[in-house]
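Thanks for passing this one along. Here are my notes, set out point by point so that you can follow them in your viewer.

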Amino acid sequence: MTTSAIDRFDFFTIAFDILISIVGSIIVNRLIPILKEKFIKAQLWGNDLNKRNSKEVKIAESQGVLAAGIFLVLMFIMIAVVFSEHLHPASVFPHKKFVEYLAALLSICCMVLLGFADDVLDLRWSVKLLLPLIASLPLLLVYFANYHSTTIILPKPVRPYLGQQWNLGILYYVYMSMVAVFCTNAINILAGVNGLEVGQSIIIAISILIFNLIELQGVCWEEHLFSLYFMIPFVACTFPILIKNWYPAEIFVGDTLCYFAGMTFAVVGIIGHFSKTMLLFFIPQIINFLLSVPQLFHFIPCPRHRLPRLDPELNKLNPSEVEFKKSDLKLLGWLMLRFFSMTKFIRYREYTNNDGERLISTTNFTIINTVLCWFGPLHEETLSRILMLIQIVFGSLLTFFIRYYLVKFFYDS
Ligand code: UD1
Ligand code: MG
């Protein structure tokens with residue numbers, strides 16, 4: 001492979017990647033109707049809570065595992081193509097790249113397994129947080145063995161005070177594992193409306209794909225080509241899942257898909273050295289996470305489900321609420337409640353019950369409920385479309401603006 005620019009062999013590899021991705025997409029599409037009954041028989045099903053007949057219909061859960069399974073098969077086939085050029089005796093085999101590729105797949109594979117385990121066993125929140133940490137280990141250790149580079153370039157405005165660059169050492173590994181933990185869980189907690197989990201994942205994947213295509217002209221083209229090999233099959237394999245999970249959902253994606261998507265983004269961001277840009281594609285998820293902090297860390301009670309509540313008469317969704325005694329609220333919880341209420345992210349009311357106790361009823365702390373506070377009540381499909389639009393505008397378009405315009409003021413390139 002040339003070291004200066006993308007060559008004809010790479011174009012062939014991309015074309016092959018696209019071709020097998022199309023085949024993969026067709027296979028996932030065929031597998032869903034065949035396997036969903038089997039999933040229901042194996043008790044892997046859930047009720048669509050925002051439908052009038054929610055109790056009567058069983059919907060197959062964890063269908064993301066089909067996309068993940070076929071994705072992995074495609075990526076295994078790609079090994080033969082991506083690295084075949086180097087089998088020529090005169091060529092030097094890129095062992096480091098090869099190990100990275102395998103480690104990336106191992107991390108994704110491990111995350112899919114753990115995500116499926118979560119779907120089956122319904123693990124506790126604290127355990128869910130740990131899973132991506134375990135799954136990211138293969139990648140981090142290969143990064144350690146291959147690169148050792150833990151230096152970050154600082155933005156221009158702070159350079160006179162803090163210097164040109166910083167070596168973060170072990171903190172860099174902590175940062176990378178946090179990226180994996182964040183990406184996986186952030187998608188999973190922005191969930192509960194048909195099409196949302198897989199829809200946001202596909203928008204992020206297409207954004208990464210466009211970013212890679214632009215950067216193929218740059219000096220780091222090899223890393224972006226590498227990421228492209230992952231993103232093309234990802235979009236292809238998850239697309240049939242989106243079609244079937246879109247309103248009215250025939251299947252649920254399960255935590256498997258959220259973890260699979262999050263880990264795939266984390267590995268390409270880390271190996272492709274664009275984890276900061278990748279995190280910018282997660283702006284809506286970052287806001288949703290920050291908004292969720294009071295409930296995730298139990299400053300405010302967190303119910304099992306925070307998804308919106310159906311008004312059966314209108315067939316429209318309202319924000320879901322959680323109710324608790326005012327006396328149970330600690331100072332920090334109270335401050336958080338006031339802050340998010342003042343910034344209009346949540347709506348709460350105080351009242352006295354028959355026993356004379358002061359109660360608080362607040363909308364749950366997610367941007368899904370925030371959208372409903374502002375524009376609701378909304379039909380589920382409309383809500384899904386608005387959330388997709390938010391992802392495109394505040395996740396993708398804003399990131400491209402920051403990356404290709406604003407960044408000039410902060411970095412040299
Ligand atoms: C996360 C959210 C939870 C949200 C749930 C919905 C946090 C901390 N957790 O939990 O608030 O309610 O996702 O996925 O924010 N479901 C629907 N319609 C959908 C998607 C899911 O009714 O479009 C219901 C189904 O009953 C399905 C269940 O949600 O079986 C799946 O929930 P699960 O993924 O297990 O929830 P968590 O990821 O733990
Ligand atoms: Mg989930």
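## Notes on the model

1. Let me begin at a turn. The hairpin of β8 and β9 has five residues between its strands, and within this hairpin Gly-356 takes a positive phi near 80 degrees. Please keep in mind throughout that this is a predicted model.

2. Now for the strands on either side of that turn. β8 and β9 (residues 358-363) run antiparallel and are joined by five bridges. Two pairs help to fix the register: Tyr-348 has Thr-362 of β9 as its bridge partner, and Tyr-351 stands opposite Leu-359 in β9.

3. The hairpin belongs to an open sheet of three strands, ordered β7-β9-β8, with antiparallel pairing. Each of β7 (321-325) and β8 (348-352) has a single partner strand and stands at an edge, so one side of each is left without a neighbour in the sheet. On average, neighbouring strands here are turned by 20 degrees against each other, direction ignored. Helix α13 (residues 331-342) packs on this sheet and touches β8 and β9. The direction of α13 makes about 125 degrees with that of β8.

4. Next, the metal site. Which protein atoms are the donors of the magnesium ion (ligand 2)? They are OD1 of Asn-188 and OD of Asp-255, lying 2.0 to 2.1 Å from the ion. Asn-188 sits in helix α7 (residues 170-189) and Asp-255 in helix α10 (residues 254-271), so the pair ties together parts that are 67 residues apart in sequence. Both donors are buried by the under 20% cut-off: the relative accessible area is 13% for Asn-188 and 12% for Asp-255.

5. Thr-150 is worth a look in your viewer. This residue is found in the loop between α5 (137-146) and β3 (151-153), and is buried, with a relative accessible area of 7%. Leaving aside neighbours within four places in sequence, Thr-150 is in contact with Trp-166, Asn-167, Leu-168, Gly-169, Tyr-172 and Tyr-173. With one of these, Asn-167, the side chain of Thr-150 makes a polar contact of 2.5 Å. Ile-170 is 20 residues from Thr-150 in sequence, and their C-alpha atoms are 7.8 Å apart in space.

6. Is Asn-212, in helix α8 (residues 196-215), buried or exposed? Asn-212 is buried, at a relative accessible area of 0%. Beyond its neighbours within four places in sequence, the contacts of Asn-212 are His-224, Ser-227, Leu-228, Met-231 and Phe-274.

7. On aromatic rings, the structure holds 32 pairs. Take Phe-83 and Tyr-101: the ring centres are 5.6 Å apart and the planes stand at 85 degrees, so the pair is edge-to-face. Phe-83 lies in the loop between α2 (64-82) and α3 (95-121), while Tyr-101 is in helix α3, so the pair ties together parts that are 18 residues apart in sequence. Phe-83 and Tyr-101 are both buried.

8. Two cis peptide bonds deserve a mention if you plan to check the backbone. One joins Tyr-247 and Pro-248, with omega about -15 degrees; Pro-248 is found in the loop between α9 (221-245) and α10. Another runs from Gly-376 to Pro-377, with omega near -5 degrees. Pro-377 lies in the loop between α14 (367-375) and α15 (380-404).

9. Back to positive phi angles, this time away from glycine. Ser-62 is not a glycine, yet has a positive phi of about 55 degrees. This serine is found in the loop between β2 (59-60) and α2, and counts as buried at 0% relative accessibility. His-273, also not a glycine, has a positive phi of about 60 degrees and lies in the loop between α10 and α11 (275-280). What is the relative accessibility of His-273? The value is 39%, so His-273 counts as partly exposed.

Note on methods: Residues numbered from 1 in each chain as written. Chains lettered and ligands numbered in written order. Predicted model: local features only at pLDDT ≥ 70, side-chain atom pairs only at ≥ 80, totals over all residues. Heavy atoms only, no water. Pairing = 2+ DSSP bridges. Helix = DSSP H or I, 4+ residues; strand = E, 2+ residues; numbered from the N terminus. Axes fitted to C-alpha atoms, helices over the stretch in contact; angles between N-to-C directions. Contact = heavy atoms within 4.5 Å. Donors = N, O, S within 2.8 Å, 3.2 Å for Na, K, Ca; no water. Buried < 20%, exposed > 50% of the residue type's maximum accessible area, 1.4 Å probe, protein only. Polar contact = N/O pair within 3.5 Å; in protein donor to acceptor, adjacent residues only side chain to side chain. Phe/Tyr/Trp six-rings, centres within 6.5 Å; stacked < 30°, edge-to-face > 60°.
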